[in-house]
Amino acid sequence: MRDKDKRVNSYLAVISLCLLMFFSSIFPDLALAANVSQAELQKIEKQWQTSAHALAEVNCSSCHQNEETKAFVAKPTEESCKSCHENSVDTFLLGKHGIRTLEGLSPLTPAMAHLPMKDDSLNRQMNCNTCHDEHTANTYQASVDSCLTCHADNHSLNYQSSPHAEVFRKIGTLARPNSDSVTCATCHLPRTVSGDTVLVNHNNTYTLKPRDRMVKEVCMNCHGVEHSYNSIFDDELVEANFARPPTQKLQTFQLVRDLEKKRSGKGS
Ligand code: HEC
Ligand code: HEC
Ligand code: HEC
Ligand code: HEC
Ligand code: HEC
Ligand code: HEC
């Protein structure tokens, strides 16, 4: 047998063993507590099977059972994610999306916003599975589509007709957005490299304050410094979600060029 086949077979063995365990222990609890049909349970199981979690052997009980007390958990919260995704949870709690939860208040909802929000989203509570479908854990869908289930200001709505969105669409439906594409998350939940792992900074306030933090952390991975600053301080262009090249020219860059000329004696 080839190595690859062996690996696949041992995966299958692990998966069927796990499935056996679910059916004997946690499955009946889940069905009862959530009052879902056998068909719905099977649908959930199928979604889970395609997820990064299934590959990593993170199974139903990893989220639906308390690690210490072994008690059954019908509705897992960020507490259950935290045992494996400490960075995501910690950063989420520091931004606008998560700060109310950190302070022990009820989670943020669009009804509390001053920015325009979709009418049918007003009572949705913000937590990990607001953006991540809990059973597919799909990050592609989380990067744009999930944001647009709530946000309805001009800047957000204009994203879909920007060159950035076009690049994202061309790259296709990757489970994990490619680093060549620019999604809402690229600018607002930027990736950070820690050792040889890429982590996502879930603090959605971080790149906004101060505004030029986004230039350094995000834009300059792909664009020059002048293009980036000229774009980001052009309020109309921000509202258009960067749908055209910047037209304004920040004075600072001209001043620096003049100074350079003077210094090198070439200027007048
Ligand atoms: C990554 C963590 C995670 C894993 C793995 C996971 N779940 Fe869930 N599950 C959740 C979360 C989060 C919710 C939503 C809780 C809520 O509604 O607030 C949920 C909800 C559910 C519900 C209720 C659905 C409804 O419509 O009310 C069922 C049933 C369920 N899960 C079954 C399963 C089964 C079966 C598996 C394994 C095949 C599984 N889950 C694996 C996190 C997980
Ligand atoms: C028992 C550990 C464990 C728990 C609990 C857990 N995860 Fe994961 N999760 C993993 C592992 C392992 C991976 C795959 C490696 C990685 O990307 O970090 C992963 C990957 C992910 C990914 C990335 C998927 C991708 O395609 O790159 C998301 C999103 C995610 N988890 C969300 C959650 C959420 C939300 C919860 C809580 C409801 C949760 N996880 C609970 C271990 C866990
Ligand atoms: C506002 C939407 C949103 C919320 C809320 C959110 N995520 Fe994410 N998350 C994303 C997006 C988008 C990505 C992928 C971004 C990328 O790869 O460029 C991601 C990536 C991840 C990843 C894979 C990358 C990594 O850092 O390991 C994990 C794990 C994850 N999220 C877990 C969580 C957990 C746990 C919570 C709750 C504390 C959470 N997420 C809340 C949108 C969200
Ligand atoms: C459940 C609805 C919901 C979803 C989904 C959601 N948001 Fe938000 N977001 C909000 C609300 C509510 C606010 C607060 C707005 C206000 O106070 O006016 C907010 C605020 C923000 C802010 C402003 C932060 C600040 O400090 O002022 C940014 C940026 C943002 N969201 C980006 C995103 C991105 C990117 C995604 C997807 C990856 C996303 N949001 C998904 C509801 C949502
Ligand atoms: C290329 C980078 C980029 C992309 C892509 C992007 N944004 Fe923004 N976003 C910005 C900048 C820059 C601002 C303005 C910051 C400021 O006003 O200080 C902003 C502002 C916002 C705000 C308002 C914050 C406030 O308090 O006024 C929200 C909400 C937001 N973006 C959501 C989104 C959503 C949702 C998407 C995707 C549909 C998206 N953004 C795509 C860069 C981006
Ligand atoms: C991952 C790479 C990447 C990142 C990060 C990125 N961009 Fe872009 N940007 C592109 C690509 C690719 C295009 C499309 C260029 C084309 O069609 O010629 C583009 C187009 C643009 C345009 C349209 C005008 C033009 O020159 O065609 C503006 C404005 C822009 N980006 C600003 C920004 C700003 C501001 C940031 C940071 C908040 C940013 N970009 C982050 C890759 C990136």
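Start by selecting ligand 2 and the helices around it: α4 (52-55), α5 (60-64), α6 (78-82) and α9 (128-131) each supply at least two residues of the shell around this ligand. Keep in mind as you look around that this is a predicted model.

**Stop 1: ligand 2**

Show the shell as sticks. You should find 20 residues surrounding ligand 2, and the closest are Ala52, Ala56, Cys81, Cys84 and Cys128. Try colouring the shell by class: ten residues are nonpolar, eight are polar and two are charged. Now colour by domain instead. Domain 1 (3-76) and domain 2 (82-209) each give at least three residues to the shell around ligand 2.

**Stop 2: helix α7**

Next, select residues 86-94, which form helix α7. Which residues of this helix are buried? They include Val89, Thr91 and Phe92. Turn the view to see what lies against them: the buried residues of α7 pack against α6, a helix you met as a supplier of residues to the shell around ligand 2.

**Stop 3: ligand 4**

Move on to ligand 4, which has 25 residues around it. Pick out Ala113, Leu115, Cys147, Cys150 and Thr205, since these come nearest. Two elements, α9 and α13, give two or more residues to this shell. The largest share comes from α13, with three residues. Coloured by class, the shell around ligand 4 shows 13 nonpolar, ten polar and two charged residues.

**Stop 4: the largest nonpolar core**

Hide the ligands for a moment and look for the largest nonpolar core, a group of 13 residues. Select Val144, Tyr159, Phe168, Cys184, Cys187, Met214 and Ile232, the members with the most contacts inside this core. Helices α12, α13 and α15 each give it two or more residues, and α13 gives the most, with three. In soluble globular proteins, nonpolar side chains tend to be buried together.

Zoom in on Val144. What does Val144 contact, once its neighbours within four places in sequence are set aside? Its partners are Tyr159, Phe168, Thr183 and Cys184.

**Stop 5: ligand 6**

Finally, bring the ligands back and centre on ligand 6. Of the 20 residues around ligand 6, the nearest are Pro163, Cys219, Cys222, Ser231 and Phe242. Highlight α12 (163-171), α13 (184-188) and α15 (225-232), the elements that give two or more residues to this shell. You have just seen α12, α13 and α15 contributing to the largest nonpolar core. By class, the shell around ligand 6 has twelve nonpolar, six polar and two charged residues.

Conventions: Residues are numbered from 1 along each chain as its sequence is written. Chains are lettered from A and ligands numbered from 1 in the order in which they are written. This is a predicted model: local features need pLDDT of at least 70, side-chain atom pairs count only at pLDDT 80 or more; totals for chains, interfaces and linings use all residues. A residue is near a molecule or strand if its C-beta atom, placed from the backbone, lies within 6 Å of it. Helices (H or I, at least four residues) and strands (E, at least two) are DSSP runs, numbered from the N terminus. Ala, Val, Leu, Ile, Met, Phe, Trp, Tyr, Cys and Pro count as nonpolar, Asp, Glu, Lys and Arg as charged, and the others, Gly among them, as polar. Domain bounds come from an automatic or database domain assignment. A residue is buried if 20 or more other C-beta atoms lie within 10 Å of its own, exposed if 12 or fewer, and partly exposed in between; C-beta atoms are placed from the backbone. Two residues are in contact if their C-beta atoms, placed from the backbone, lie within 7 Å. A nonpolar core is a set of buried Ala, Val, Leu, Ile, Met, Phe, Trp, Tyr and Cys residues joined through C-beta atoms within 7 Å.
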